[in-house]
Amino acid sequence: MTVLDEIIVGVRIDLADREARIPLDKLKERAMKTPPALNGYRALKTDDHRAVRIISEIKRKSPSKGHLADIVNPEVLAKTYEDGGAAAISVLTEQRKFGGSLADLDVVRRKVDVPILRKDFIVSPYQIWEARAHGADIVLLIVAALEQTVLESFVERVKSLGMTALVETHNREEAVRAVDAGASVIGVNARNLKTLEVDLDTFDSVVDVLPREIVRVAESGVRSPQDVLNYARSGADAVLVGEALVTDGNPGQAIRDMVAIGEHPSLTAMQR
């Protein structure tokens with residue numbers, strides 16, 4: 001069993017518990033009363049003023065590194081990210097391996113005005129409705145976890161609820177599947193979810209498969225502003241940063257540094 005398989009087993013167990021407590025009809029009622037989702041595509045698409053945008057993440061732990069940070073007040077950290085220039089906030093809601101929760105999504109939503117990404121292992125339409133009910137604007141869909149027909153239906157379901165799907169890939173084959181599924185925002189994760197190994201060349205090996213009108217998001221392996229710069233020069237429109245921010249003693253300065261490098265003159269010149 002791979003790491004991804006193990007995570008999904010736990011996700012399904014926890015999902016069944018939530019489904020037993022909150023029927024889908026009730027969840028849909030809550031979702032329909034939630035204010036409309038913010039436009040995730042527009043928030044992440046680059047323009048002449050910023051060559052690459054930063055998605056900053058609320059992340060307490062991970063399967064590869066274990067405990068990362070004690071984040072008692074995720075909304076405070078999220079506000080720090082927003083004030084530092086983050087274009088979107090990623091909130092991990094998987095509880096077993098990442099220490100997240102839907103409660104984190106709730107408090108962050110009340111605190112910030114930028115789009116929020118629900119980062120989890122989505123295996124059921126119920127979770128998509130959950131994301132909207134708890135105020136998410138963007139929903140992570142992992143190609144490696146979904147059959148193609150399911151992926152396509154999930155992309156459509158996310159769109160139908162006014163949200164944006166961030167479809168995560170790990171290789172060229174998955175990237176083609178994401179494009180075929182109609183994704184407008186596609187992530188390339190340098191971390192192999194089956195082995196947890198990181199290969200920073202993954203983005204370069206995949207990016208040419210992604211049409212230019214698609215928002216191309218580089219994920220994982222970012223340790224410094226230089227890594228952001230490297231991803232941007234390779235063609236990333238946005239970079240998702242988690243561990244480097246939550247483990248930094250001054251996350252406010254760290255996010256400002258990464259946002260600033262995204263406005264590097266050499267990059268903005270490339271956009272023109």
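**Figure 1. Glu213 and its contacts with Tyr41 and Lys45**. Setting aside the neighbours within four places in sequence, Glu213 is in contact with these two residues, Tyr41 and Lys45. This is a predicted model, so please read every close-up here with that in mind. Glu213 sits in the loop between H9 and strand E9 (215–219). Is Glu213 buried or exposed? With a relative accessibility of 54%, Glu213 counts as exposed, because the cut-off for that class is over 50%. For a sense of scale, Glu213 and Val259 lie 22 Å apart in space, C-alpha to C-alpha, with their positions 46 residues apart in sequence.

**Figure 2. An aromatic pair, Phe203 with Tyr231**. The structure holds 2 aromatic pairs. In the pair shown here, the ring centres of Phe203 and Tyr231 are 5.7 Å apart and the planes meet at 70°, so the arrangement is edge-to-face. Where in the chain do Phe203 and Tyr231 come from? Phe203 belongs to helix H9 (residues 202–206) and Tyr231 to helix H10 (residues 225–233), and the pair links distant parts of the chain, 28 residues apart. Phe203 counts as buried at 1% relative accessibility, and Tyr231 is buried too, with a relative accessible area of 5%.

**Figure 3. Leu44 within the largest nonpolar core**. This core has 94 residues. Which residues have the most contacts inside it? They are Leu44, Tyr81, Ile89, Leu141, Val167 and Val239. Zooming in on Leu44, and leaving out neighbours within four places in sequence, you will find contacts with residues including Arg53, Ile55, Ala87 and Ala88. Further along the chain, the contacts of Leu44 include Ile138, Val185, Val215, Asp237 and Ala238.

**Figure 4. Helix H1, with a salt bridge and part of a nonpolar patch**. The side chains of Arg21 and Asp17 meet in a salt bridge, with a distance of 3.2 Å from N to O. Why are these two about one helical turn apart? Arg21 and Asp17 are 4 residues apart in helix H1, which means that about one helical turn separates them. Arg21 counts as exposed at 53% relative accessibility, while Asp17 is partly exposed, with a relative accessible area of 43%. Helix H1 (residues 3–21) also contains Ile13. Together with Met1 and Val9, Ile13 forms a nonpolar patch on the surface, and the three have about 340 Å² of accessible area together. Ile13 itself is partly exposed, at a relative accessible area of 48%.

**Figure 5. A salt bridge between Glu243 and Lys65**. The closest N and O atoms of this pair are 2.7 Å apart. Glu243 lies in helix H11 (residues 243–246) and Lys65 in the loop between strand E2 (61–62) and strand E3 (66–67), so the salt bridge ties together parts that are 178 residues apart in sequence. Both partners are partly exposed: Glu243 has a relative accessible area of 24%, and Lys65 has one of 48%.

**Figure 6. A network of salt bridges with a buried pair**. The structure holds 17 salt bridges. Which residues are linked in the network shown here? The members are Arg18, Arg118, Asp120 and Glu130. Within this group, Asp120 forms a salt bridge with Arg118, and their closest N and O atoms are 3.3 Å apart. Asp120 and Arg118 are both buried.

How values were computed:
Residues numbered from 1 in each chain as written. Predicted model: local features only at pLDDT ≥ 70, side-chain atom pairs only at ≥ 80, totals over all residues. Heavy atoms only, no water. Phe/Tyr/Trp six-rings, centres within 6.5 Å; stacked < 30°, edge-to-face > 60°. Buried < 20%, exposed > 50% of the residue type's maximum accessible area, 1.4 Å probe, protein only. Patch = residues over 30% accessible without salt bridge, like charges linked within 9 Å, V, L, I, M, F, W, Y side chains within 5 Å. Areas by Shrake-Rupley, 256 points an atom, 1.4 Å probe, with all protein chains shown as cover. Salt bridge = Lys/Arg side-chain N within 4 Å of Asp/Glu carboxyl O. Core = buried A, V, L, I, M, F, W, Y, C linked by side-chain atoms within 4.5 Å. Contact = heavy atoms within 4.5 Å.
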